Amino acid sequence: VRSNNIQINWDTTPVKDYAKAEIWYARSGADSAWEKAGEASGTQYVLQGATTGETYHIRVIAVNSKGVTADFDTAPIANIT
């Protein structure tokens, strides 16, 4: 992984009927809103073009085969600088 990319991995074991994941991020700062980075059908995603030294808050939201997503507000957050 290049120095300004963030590799995100997650475990789908506890998720029933996993079809894909939505990857969301927000940057540190009071005015930073959550942005959708993309989707992945596996268990890995690479967020490209991260700014060196800036903290990114990452959420991975599971989506089932019917398109129903897990609760965004209770999803764990990883903080990566």
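Is K20 buried, partly exposed or exposed? In this predicted model, the relative accessibility of K20 is 30%, so the residue counts as partly exposed. K20 makes a handy starting point for a tour, since several features described below can be reached from this residue.

The sheet is a good place to begin. Four strands form an open sheet in the order 3-2-5-6, and their pairing is antiparallel. Strand 3 and strand 6 are the edge strands, each pairing on one side only. From one strand to the next, the twist averages 30 degrees. Within this sheet, strand 2 and strand 5 (residues 56-64) are paired in the antiparallel sense over nine bridges. Two of the residues met again below can be placed in this pairing: K20 has V63 as its bridge partner in strand 5, and E22 has I61 as its partner in strand 5. Strand 2 also pairs with strand 3 in the antiparallel sense, here over five bridges. On this side of the sheet, Y25 stands opposite E35 of strand 3.

Charged side chains come next. How many salt bridges does a search of the whole structure find? The search finds three. One of them joins E39 to K20, with the closest N and O atoms 3.0 Å apart. Because E39 lies in strand 3 (residues 35-40) and K20 in strand 2 (residues 18-27), this pair ties together parts that are 19 residues apart in sequence. E39 has a relative accessibility of 37% and therefore counts as partly exposed.

Another salt bridge brings together the side chains of K36 and E22, at 3.6 Å from N to O. This pair, too, links distant parts of the chain, with K36 in strand 3 and E22 in strand 2, 14 residues apart. The accessibilities of the two partners can be set side by side: K36, at 39% relative accessibility, counts as partly exposed, whereas E22, at 14%, counts as buried. The cut-off behind that last label is a relative accessible area under 20%.

K36 also forms a salt bridge with E39, and here the closest N and O atoms are 2.7 Å apart. Through shared partners, the salt bridges join K20, E22, K36 and E39 into one network.

Attention now turns to the nonpolar residues. Which residues make up the largest nonpolar core? This core has twelve members in all: I6, I8, W10, A21, I23, Y25, A40, Y45, L47, A50, Y56 and I58. At least two residues of the core are supplied by each of strand 1 (5-9), strand 2, strand 4 (44-48) and strand 5. The largest share, three residues, comes from strand 2. Y25, introduced above as the residue opposite E35, is thus met a second time, as a member of the core.

One core member, W10, can be followed further through its contacts. With neighbours within four places in sequence left aside, W10 is in contact with Y18, A21, I23, A40, G42, T43, Q44, Y45 and V60. Among these contacts, A21, I23, A40 and Y45 are listed as members of the core along with W10.

The last stop is the loop between strand 5 and strand 6 (78-80), where T74 lies. T74 has a relative accessibility of 62% and so counts as exposed. A polar contact of 2.9 Å joins the side chains of T74 and D71. To relate this loop to the starting point, the C-alpha atoms of T74 and K20 are separated by 18 Å, and the two residues are 54 apart along the chain.

D73 lies in the loop between strand 5 and strand 6 as well. At 62% relative accessibility, D73 counts as exposed. From D73 to R27, the distance in space is 17 Å, C-alpha to C-alpha, while the separation in sequence is 46 residues.

Definitions and conventions: Residues numbered from 1 in each chain as written. Predicted model: local features only at pLDDT ≥ 70, side-chain atom pairs only at ≥ 80, totals over all residues. Heavy atoms only, no water. Salt bridge = Lys/Arg side-chain N within 4 Å of Asp/Glu carboxyl O. Buried < 20%, exposed > 50% of the residue type's maximum accessible area, 1.4 Å probe, protein only. Pairing = 2+ DSSP bridges. Core = buried A, V, L, I, M, F, W, Y, C linked by side-chain atoms within 4.5 Å. Contact = heavy atoms within 4.5 Å. Polar contact = N/O pair within 3.5 Å; in protein donor to acceptor, adjacent residues only side chain to side chain. Axes fitted to C-alpha atoms, helices over the stretch in contact; angles between N-to-C directions.
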